Amino acid sequence: SRFISQLSPNDRIGLLALPTGPRIDFTGDHSQVQAALPQLVGQAETFPTSYRIGVSEAMAIQRGDRTALNVLLNRECDTARTPEEQDYCKTRIIADVNGLAGLIRERTQTSVGTLPSLAERFARLPGPKALVFFSEGLVLESAAAVTSLADVTARGQMTVHIMQLDAPTADASLAMEPA
């Protein structure tokens, strides 16, 4: 809101919430966008699990990092007494790791996949442009996911600002915090 209030009356702005939410095409009516900002609510879903699995751990295990898997298993399956309980714990953890990593990849693809078409649309407009992208975090496994943006943003005289919002450090709905 403060950023918008500092814009020139001649500046056109728009709003697009991903994957769903308010959408306001480019307009000179800055108050229209400012009025929509308080209505934005994050839609990130959490992955239900009984274990403390961190995002970086899940992604490392998905890439085949056996050390990360062993650390997770040792931490989360330490109360399993019998071999059957240990096997069950390991099976559940691997399933949860796969589910969490899949959710993160899907969420990232939804957000990052929209940026090239948005940048192409910006590139057709004359003059310099700025895109301000707010997120609670994207997990990019390689730079290739965003390097395609470089050409179109340069061609379109576009500057991209990425603002990472602080994620809550505690959630009372979770029994245990992830590692």
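**Exercise 1. Work out how exposed Cys89 is and what its sulfur is bonded to.**

Step 1. Start with the surface: Cys89 has a relative accessible area of 5%, so it is buried (buried means under 20% relative accessible area, exposed over 50%, partly exposed in between, with a 1.4 Å probe and protein chains only).

Step 2. Next, find the partner. A disulfide joins Cys89 to Cys77, with an S to S distance of 1.9 Å; the term covers a pair of cysteine sulfur atoms within 2.5 Å. By this rule the count is one disulfide.

Step 3. Check the partner's surroundings: Cys77 is buried too, at 11% relative accessible area.

Step 4. Now look at the twist. The angle about the S-S bond is -90 degrees, and the link of Cys77 and Cys89 is left-handed.

Step 5. Place both ends: Cys77 sits in the loop between α4 and α5 while Cys89 belongs to helix α5, so the disulfide ties together parts twelve residues apart in sequence. Helices (H or I, at least four residues) and strands (E, at least two) are DSSP runs, numbered from the N terminus.

A word on the model: it is predicted, so local features need pLDDT of at least 70 and side-chain atom pairs count only at pLDDT 80 or more, while totals for chains, interfaces and linings use all residues. Residues are numbered from 1 along each chain as its sequence is written, and side-chain values use heavy atoms, with hydrogens and water left out.

**Exercise 2. Locate Thr79 and say whether it is buried or exposed.**

Step 1. Thr79 is in the loop between α4 (66-76) and α5.

Step 2. With 56% relative accessibility, Thr79 is exposed.

Step 3. For a distance check, the C-alpha atoms of Thr79 and Cys89 are 9.6 Å apart, and the two residues are ten apart along the chain.

**Exercise 3. Trace the salt bridges of Asp25 and of Glu76.**

Step 1. Apply the rule: a side-chain nitrogen of Lys or Arg within 4 Å of a carboxyl oxygen of Asp or Glu. The count comes to six salt bridges.

Step 2. Asp25 pairs with Arg23, the closest N and O atoms being 3.8 Å apart. Asp25 is partly exposed at 45%, and Arg23 is exposed at 55%.

Step 3. Arg121 also forms a salt bridge with Asp25, at 3.1 Å between the closest N and O atoms. This pair links distant parts of the chain, 96 residues apart: helix α5 (residues 83-123) holds Arg121, and strand β2 (residues 23-27) holds Asp25.

Step 4. Glu76 bridges to Arg75 with closest N and O atoms 2.9 Å apart. Through shared partners, Arg52, Glu57, Arg75 and Glu76 join into one network.
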